Amino acid sequence: MTMKYKSNYEKVTEDWKKRFLDMDQERLIERFQLNHDGQWLYLRYLGQQLKLSRTSGKVLFADREEIPEFDTVITVYNMFYYAKEHPAASGELVPFRLVKRVYPFERAYQKQILEPFARLFSGHVKELREACEKLGGTKLPQGDAGYRIPVYPYFDMAVLFWDRDDEFEAQGNMLFDSNITDFVHEENVVCIAADAVRYLSRAAGLEEMKIYAG
């Protein structure tokens, strides 16, 4: 019997659940220093507590009933699958265009993430600062709001924002560890940026911005 899926996102998620269940979980625990018990592997992502079922492969929030969106789920699976054997963050944060192998996605990143991010937080600098701190961010000197935020415990990103004034519209930017693609597939860098906007909008108490539908 062929299983019917509501969307391609659902099919991809189901395929990755199976792929995850074929992975050596003890090796994953060792490589990524995961907290775990008999049922779950635990992981912190952009201020969110996640858990992965060791029997079904599902990715869930550890502290609430809500199911994570596709971007979050696929980024977890992909990190476990695509990370180099011994990835190491450089600590140097660079613009998207300088991240290795992401150039095919730059236009989508600009139009679908940075521009909506700037519009959303225009006039809401205080809310953005508070949201960044809720996600574990530490203040940076750049911008009206600039924060370094842990993506996973292994590497960080930065969110930078300049509010509108009499001459210019609001502008936003994001920086990424120069070795981020040693941990995740290059397409996941866009997913991480989309998730950052989503979780910041939620933490700020603004309308939650979903870049991609899951």
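This note sets out some points on helix α1, the strands β2 to β4 and the aromatic residues of a predicted model.

1. Helix α1 comprises the 14 residues 8–21, and its length agrees with its geometry: at 1.5 Å a residue it should span 20 Å, and its end C-alpha atoms are indeed 20 Å apart.

2. Within α1, the residues Thr13, Trp16, Lys17 and Phe20 are buried. These four cover an arc of only 110° around the axis, which puts them on the same side of α1. The spacing fits a general rule: an α-helix has 3.6 residues a turn, so residues three or four places apart point the same way. On the face turned away from that buried side, α1 carries the exposed residues Asn8 and Lys18.

3. As to what lies over the buried residues of α1, the cover includes two helices, α2 (25–32) and α3 (70–82), together with the strands β2 (40–45) and β3 (48–53).

4. Strand β3, which is part of that cover, is itself largely enclosed by the rest of the structure, because 5 of its 6 residues are buried.

5. The strands β2 and β3 run antiparallel and are joined by 6 bridges, with tyrosine 45 having glutamine 48 of β3 as its bridge partner. The hairpin that these two strands form has 2 residues between the strands, and leucine 46 takes a positive phi near 50° there.

6. On to the next pairing, β3 and strand β4 (residues 59–61) also run antiparallel, here with 3 bridges joining them, and leucine 52 has valine 59 of β4 as its bridge partner. The hairpin of β3 and β4 has 5 residues between the strands, and in this hairpin glycine 57 takes a positive phi near 85°.

7. The count of aromatic pairs comes to 19. Ring pairs link a cluster whose members include Trp16 and Phe20, both of which are among the buried residues of α1. Tyr45, the residue whose bridge partner is glutamine 48, also belongs to this cluster. Among the other members are Phe32, Tyr77, Phe80, Tyr81, Tyr82, Tyr152, Tyr154, Phe155 and Phe183.

8. Two arginines deserve a look alongside the aromatic residues. Arginine 19 lies over the face of tryptophan 16, at 4.2 Å from the ring centre, and this tryptophan is a member of the cluster described above. Arginine 64, for its part, lies over the face of phenylalanine 61, at 3.7 Å from the ring centre.

Notes:
Residues are numbered from 1 along each chain as its sequence is written. This is a predicted model: local features need pLDDT of at least 70, side-chain atom pairs count only at pLDDT 80 or more; totals for chains, interfaces and linings use all residues. Side-chain values use heavy atoms; hydrogens and water are left out. The expected span of a helix is 1.5 Å times one less than its number of residues. Buried means under 20% relative accessible area, exposed over 50%, partly exposed in between (1.4 Å probe, protein chains only). The arc is that of the directions from the helix axis to the C-beta atoms. Contact means heavy atoms within 4.5 Å. Two strands pair if DSSP finds at least two bridges between them. Rings of Phe, Tyr and Trp (its six-membered ring) pair if their centres lie within 6.5 Å; planes under 30 degrees apart count as stacked, over 60 as edge-to-face and the rest as tilted. A charge sits over a ring if NZ of Lys or CZ of Arg is within 6 Å of the ring centre and within 35 degrees of the ring normal.
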